[in-house]
Amino acid sequence: MIVERMPSNIIKGKADGINTRTMEMFQAFGFADKVKRETYWVNQTAFWMPDPANPAHIKRVGRVQDVADDSSEMPHILINQARLHELFLEVMQNSPSRLAPDYGWELVSVAVDETTDDHPVTVTLKDASGINWWATRTVRANYVVGCDGAHSAVRKSIGGVLHGDAANQAWGVMDILANTDFPDVRQKCLISSANEGNVLILPREGGYVFRMYVELDKLKDGEKAASRKFTQDDMIAAANRIIAPYSLDVKEVVWWSIYDIGHSITDKFDDVAEGSSRNPRVFTAGDACHTHSPKAGQGMNVSMQDTFNLGWKLVHVLQGRADASLLRSYSKERLTEAKRLVETDHEWARIMSAPTTQAERDGSEEPRIIRQFKANLEFTGGTAVKYDPPRCSPPARTRRWPRGWRSGGASIRRRWCACPTPSRCSWATWPRPMRAGASTPLRARPTAPSRARPSTSWPTGCRTTRNRL
Ligand SMILES: Cc1cc2nc3c(=O)[nH]c(=O)nc-3n(C[C@H](O)[C@H](O)[C@H](O)COP(=O)(O)OP(=O)(O)OC[C@H]3O[C@@H](n4cnc5c(N)ncnc54)[C@H](O)[C@@H]3O)c2cc1C
């Protein structure tokens with residue numbers, strides 16, 4: 001059962017960047033090719049900085065490849081989050097369970113009865129549609145996953161607290177149709193002006209609409225961007241100041257929002273108290289347990305990667321193919337990743353807001369923002385994730401691992417063998433993480449390598465086995 005308090009799925013706005021690792025996950029759901037066809041592919045990012053000859057004007061300082069070589073066969077793409085929701089809903093509707101969300105119900109509380117293993121979680125819902133005011137429902141469940149955003153009621157129910165800080169900086173985002181003489185408008189661009197702030201441009205699928213993230217005013221300690229009542233016009237005026245000498249004549253604002261940057265994270269992503277030996281029953285995922293700036297384009301990706309990690313484990317446990325202790329690895333694995341994300345995002349936000357040095361301006365040194373961008377490529381692509389070796393044991397019946405399985409080293413593997421000439425690589429000589437045989441759709445489970453072997457007939461970039469995500 002999926003419960004959502006809104007009356008329907010979103011129709012516009014919010015996230016739009018999908019990294020290569022998330023695209024690989026979409027293969028598991030069967031819609032990666034559809035997404036590839038419909039979307040804008042981000043192959044390079046252009047960087048603009050103040051022109052040393054006239055710092056009031058911006059000048060392009062570089063174009064950088066956006067996806068690290070040999071990291072994935074998938075592109076980095078831009079697509080509306082609403083369209084992604086549709087694709088997931090389609091998969092659910094066509095599945096044997098014909099699963100559809102129950103819209104218009106709000107989760108109020110979650111309670112776990114530790115004395116039973118039979119549906120120990122009690123969830124209380126209340127009507128949010130306004131059709132049956134004050135109507136409530138009680139649902140008994142074996143497991144509950146709270147993907148209910150930054151103000152998560154599930155997190156609060158299990159005693160989770162978001163710890164973090166605010167950058168005291170207001171930002172605006174708008175999806176617009178506009179006339180402009182800015183030459184890179186159909187490219188992803190990071191623009192830093194001398195005194196007016198920063199803009200991030202993201203072209204959108206379809207060829208006309210594009211998104212602009214616009215830096216607005218500094219906020220006082222504890223002040224919220226919402227209290228400043230910024231308007232679309234404030235955002236457009238700021239964008240015009242930042243991109244001078246170019247200009248922007250906005251014809252239509254499709255969607256816009258104002259936000260302040262904050263970074264926060266919870267202590268754990270499940271309901272198990274420190275030191276307790278019981279297995280978890282309630283989990284949080286996505287913004288419910290970590291928040292960060294949207295500019296790094298990671299929130300939606302990391303959120304889906306959380307649930308992918310949890311999803312295959314839950315399926316295994318529910319189908320009796322794994323012990324429930326497997327679920328304990330979710331919080332540990334994903335918390336580590338969320339911490340890395342928040343740290344990287346912090347660093348990135350700091351670098352974006354830092355003034356440029358003279359050496360960067362006169363071209364004698366590559367701008368720090370470009371260096372950092374290049375250094376972060378694998379991280380932003382989602383392919384730098386590494387988990388500790390699993391602590392699980394081989395199946396009790398054989399006491400041995402199936403051929404090709406190892407108990408250790410279960411970090412996420414790259415899916416491509418990086419050998420330039422497949423004819424020269426063999427099973428024996430492949431680097432350990434590279435395993436043969438997974439050109440079949442990704443299955444959401446740890447996969448033992450198939451019996452396939454690399455041979456001279458394998459296409460260039462022969463695929464490797466998917467491992468745990
Ligand atoms: C402007 C903007 C741009 C962004 N750009 C990007 C990007 O390019 N790439 C990227 O990866 N991320 C981006 N993000 C971040 C991304 O949108 C979020 O990280 C992502 O949506 C988190 O997903 P989630 O499911 O955890 O939470 P949410 O998207 O917040 O979803 C939570 C859902 O739970 C529902 N809900 C909440 N409480 C309850 C309750 N008590 N009962 C029932 N339902 C409830 C809400 O109605 C909502 O539908 C952006 C965010 C914003 C705001």
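**Group meeting: sheets, helices and a ligand shell**

Strand β9, residues 121–127, pairs with β10 in the antiparallel sense over 6 bridges. One pair to look at is Lys126, whose bridge partner in β10 is Thr136. Before I go on, this is a predicted model, and everything I say is about that model.

The two strands belong to an open sheet of 3 strands, ordered β8-β9-β10, with antiparallel pairing. Its edge strands are β8 and β10, the latter covering 136–141, and each pairs on one side only. From one strand to the next, the twist averages 25 degrees.

Next, the other sheet. How many strands does it have, and in what order? It is an open sheet of 8 strands, in the order β5-β4-β13-β14-β15-β12-β16-β18, and the pairing is mixed. At the edges are β5, residues 54–65, and β18, residues 290–291, each pairing on one side only. As background, strands of a sheet pair through backbone hydrogen bonds, either parallel or antiparallel.

I will take three of the pairings in turn. β12, which is residues 163–180, pairs with β16 in the antiparallel sense over 15 bridges. In that pairing Gly172 stands opposite Ile258 of β16. β12 also pairs with strand β15, residues 210–218, again in the antiparallel sense, over 7 bridges. There, Ile176 has Phe210 of β15 as its bridge partner. The third pairing is between β15 and strand β14, residues 198–203: antiparallel, with 5 bridges. Here Leu202 has Arg211 in β15 as its bridge partner.

Now the helices on this sheet. Helix α5, residues 232–242, lies across β12, β13, β14, β15 and β16, where β13 is 188–192. Its direction runs at about 95 degrees to β16. Helix α7 packs on the sheet as well, touching β12, β14, β16 and β18, and its direction makes about 125 degrees with that of β16.

α7 has helix neighbours too. Two packed helices are described by the angle between their axes and the distance between the axes. I will start with α6, residues 299–318, and α7, residues 328–353: their axes come within 10 Å and cross at roughly 170 degrees. An angle over 145 degrees counts as roughly antiparallel, so α6 is roughly antiparallel to α7. On the α6 side the contact is made by Val302, Asp306, Asn309, Leu310 and Lys313. On the α7 side it is made by Tyr330, Glu333, Arg334, Glu337, Ala338 and Leu341. By class, that contact divides into 5 nonpolar, 1 polar and 5 charged residues.

The second neighbour is helix α9, residues 368–375. It packs with α7 at an angle of about 160 degrees, and the axes are 9 Å apart. These two helices are therefore roughly antiparallel to each other. α7 passes α9 in a left-handed crossing. Which residues meet here? From α7 they are Trp348, Ile351 and Met352, and from α9 they are Arg368, Ile369 and Gln372. The contact of α7 with α9 has 4 nonpolar residues, 1 polar and 1 charged.

On to the ligand. It is surrounded by 27 residues, and the closest are Ala15, Gly149, Gly286, Gly299 and Met300. Which elements each supply at least two residues of that shell? They are β1 at 3–4, β8 at 105–112, β16 at 248–265, and α6. Of these, α6 gives the most to the shell, with 4 residues. So α6 turns up twice in this talk: in the ligand shell, and in the packing against α7. Sorted by class, the shell has 11 nonpolar, 9 polar and 7 charged residues.

Last, two backbone details. Most residues other than glycine have a negative phi, and most peptide bonds are trans. Lys14 is not a glycine, yet has a positive phi of about 60 degrees. Lys14 lies in the loop between β1 and β2, the latter being 17–18. The other detail is the peptide bond from Ala244 to Pro245, which is cis, with omega near 15 degrees. Where does Pro245 lie? Pro245 is in the loop between α5 and β16, and α5 is the helix that lies across five named strands, β16 among them.

How values were computed: Residues numbered from 1 in each chain as written. Predicted model: local features only at pLDDT ≥ 70, side-chain atom pairs only at ≥ 80, totals over all residues. Axes fitted to C-alpha atoms, helices over the stretch in contact; angles between N-to-C directions. Parallel < 35°, antiparallel > 145°, perpendicular 65-115°, else oblique. Contact = placed C-beta atoms within 7 Å. Nonpolar A, V, L, I, M, F, W, Y, C, P; charged D, E, K, R; others polar. Near = placed C-beta within 6 Å. Pairing = 2+ DSSP bridges. Left-handed = near helix turned anticlockwise from the far one by under 90°.
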